[in-house]
Amino acid sequence: MRADGWVLPRAPGPGGLPAWTLVGTVDSRWATTVDPSGLVTPFGPGSRWSLDWWVGADDRWHFPSIEAGVRQHLVGDAPVVETRVRIPGGDAVQRVYGIRGEAFDGGDEWVVVEVENCSSVPFAIAFAVRPATPESLTALSSIGMVAVGAGRDGDPAQAVIVDDRTGLIFRRRPARVAASSAATGDVARTVQHGAASELHGSTGGVVVTCQDGLAQAAFLFPVAHSTTIRLVLPIGVEPGAAPGWPPVIPSAAHVVAGWDAHAGRATRVEIPASQLATAVAAARRSILLAPWSDGLRHAGPVRGSVAADDLADAGRIVATLDRFGHHDEARRTLRRWSALLASSDDSVEGDIEVVDAAATHRLLAGDQQLFDDLLPDLVAAVSRLDRAADLARLRRHDRRAAVRSLATMAAALDAAGQSDGAIDLRAVANRVAHAGEGVTTAIAGAPRMLLSAALDAITTGQVAGVDILVEVLAGASPTFGFASPGEPQDLVAAALLLDAVRAVFVQEVREGLDLLAVFPPQWYGGAVELHDAPTAHGRLSYALRWHGTRPALLWQLDRPIGGRTVRIAVPGLDPSWATTEPRGETLLAEVAPPTGLQPVCVVTEHPGDGGDFT
């Protein structure tokens, strides 16, 4: 958008909420965001700026934040953001992604920004350091450029110093540079009028200073047809550190393959609904950006202390990581919780999610030692929830979530051989369940509340919960992110989406496991698969295929040695069928096609030979 001649970040979308996309690496504490126009903001220490990109085509300069022909999506469902700007002859394509690379003072994490010329003619690219974030103007006092390290063909890499930190590094010198301050206005105007200065010989030192905090600079490069230019941002760099150009930078395709490998080691699902399947694939990868060894990362400035809401958010995401098989990532965060609990404020939401996360980790990962270490804090949290129920302090949604959390804790105590404690926990859950209606505080239309409602509906056997998921996806960003108040990319919402989808595929119940407790009519005739899902009774895989109007089920439950017999049922498709066999295949009862809907596919071959899932 424009203000007094300035080109500013794109205005928030519907509902007035900014929608960003996180990029980064697993187990990193720093958050880097990409806005819907490709504005890159590194929310690391001392960061008060963003990197914009402008394209000088044959017709004019194109500014993505004010252009109409801008499209954005994820590459391969990974946190690799591709933004396309339409220009004469094709597109200018920006990609942004995180990597781990050569170490520097402050860390070893880098964000790669590359621009590819997918048009039929050359263009110029301007990388602009801006005194702004996607939310507001900030303050920059100085921007400089210095040569760092050995370069190619005698042309050393160039580091741009933003205030006193290395903000970004170019592989070679820019062809031109434009700079401005509060007194001279927006540097975009200088670029647009062709007034950027050409560089001759070596360069270095200060490019611009501004006592009013509006220092800006744009660095211009030519980009030939079918070529790509890159720069890197060292994330978390210390003041005065001088990192050079990384010796190895993996391509976006290699980074996508790495994220696929991370996701492939955990639970995998096949969903016969393309939009939901894509959203789940993106969510499975995005939540891996959330945990780090000291807490939980947010899409915004680094927070100095752990508030109760932060702890509740961490608990929700950690439990989801465990439910999808990412036990190591969950463990790294849980190990820090004793210290975090001591420094946080008590809250009903925090207590619910702390209990649920720790109990889920014990049930699904079998980590008894960590569970024992956290048990005193968990007992204190359960006592507070019991008192809150007596005082009717629980909101409607909190009460339902608390009952589920306490039931999970009771199951964890049973698994640990503490049956008396489990009985006490179920008594507390019963008191919480009947604590009265409480107070409704739902925010109409907020993704978290809608996704929580979907999860509640699915866990109580209501297929309408899947319709709520479809409704929420209609409001998601093109990168399948969800924006909530205070969270421009809400990773808790992503976790809730995954929990709701898992509840469709499998639910732990007192009798055993319910597969497909609800079956959406729009999935009729489609292939449904679940692979390597950790459950309280072992690792579960199954596949559903169709023989005309009869679904065929092939399943395998790898139970722990000495594990008890488990009842498996499919109440959403055939309430009359159940088994205690850990593996097998069967034809379920005939299911009539939904009114006006024909099967999306008909599989007539034998569903399997009863062998192992691989």
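Student: What makes Asp-456 and Arg-400 a salt bridge?

Tutor: Their closest N and O atoms are 2.7 Å apart, and a salt bridge is a side-chain nitrogen of Lys or Arg within 4 Å of a carboxyl oxygen of Asp or Glu. So the pair Asp-456 and Arg-400 qualifies. Bear in mind that this is a predicted model, where local features need pLDDT of at least 70 and side-chain atom pairs count only at pLDDT 80 or more, while totals for chains, interfaces and linings use all residues. Residues are numbered from 1 along each chain as its sequence is written, and side-chain values use heavy atoms, with hydrogens and water left out.

Student: Why say that Asp-456 and Arg-400 tie parts together?

Tutor: Asp-456 sits in helix H11 (residues 447-459) and Arg-400 in helix H9 (residues 396-415), so the bridge ties together parts that are 56 residues apart in sequence. Helices here are DSSP runs of H or I with at least four residues, strands are E runs of at least two, and both are numbered from the N terminus.

Student: How do you know whether Asp-456 is buried or exposed?

Tutor: Buried means under 20% relative accessible area, exposed means over 50%, and partly exposed is in between (1.4 Å probe, protein chains only). Asp-456 has 8%, so buried it is. Its partner Arg-400 has 38%, so that one is called partly exposed.

Student: And what makes Asp-313 and Arg-316 a salt bridge?

Tutor: The closest N and O atoms of that pair are 2.9 Å apart, so the cut-off given above is met. Both residues lie in helix H4 (residues 308-323), three residues apart, about one turn of the helix. Asp-313 has a relative accessible area of 7%, so Asp-313 is buried.

Student: Which salt bridge does Asp-91 make, and is Asp-91 buried or exposed?

Tutor: The side chain of Asp-91 meets that of Arg-84 at 3.1 Å, N to O. Asp-91 is at 11%, so we call Asp-91 buried, whereas Arg-84 at 23% falls in the partly exposed class. Both belong to a network of salt bridges that also links Arg-71, Glu-82, Arg-95, Glu-114, Glu-116 and Arg-230.

Student: How many salt bridges does the rule give?

Tutor: The count comes to 31. As a general point, side chains of opposite charge can pair when their charged atoms come close.

Student: What makes the link between Thr-41 and Ser-50 a polar contact?

Tutor: Their side chains are joined at 2.6 Å. A polar contact is a pair of N or O atoms within 3.5 Å; within protein, one must be able to donate a hydrogen and the other to accept it, and residues adjacent in sequence count only if both atoms are side-chain atoms. So Thr-41 and Ser-50 fit the distance limit. Thr-41 is in strand E5 (residues 40-43), and at 1% relative accessibility Thr-41 counts as buried.

Student: Which residues is Thr-41 in contact with, leaving aside its neighbours within four places in sequence?

Tutor: Among them are Ala-31, Trp-49, Thr-133 and Pro-134, where contact means heavy atoms within 4.5 Å.

Student: How many disulfides does the structure hold?

Tutor: Zero, with a disulfide being a pair of cysteine sulfur atoms within 2.5 Å. As for cysteines, Cys-210 is buried at 7%, and Cys-118 is partly exposed at 30%.

Student: Why is Phe-480 called partly exposed?

Tutor: Phe-480 has 22% relative accessibility, so partly exposed is the label. Phe-480 also has a positive phi of about 60° although it is not a glycine, and is found in the loop between helix H12 (464-473) and helix H13 (491-505).
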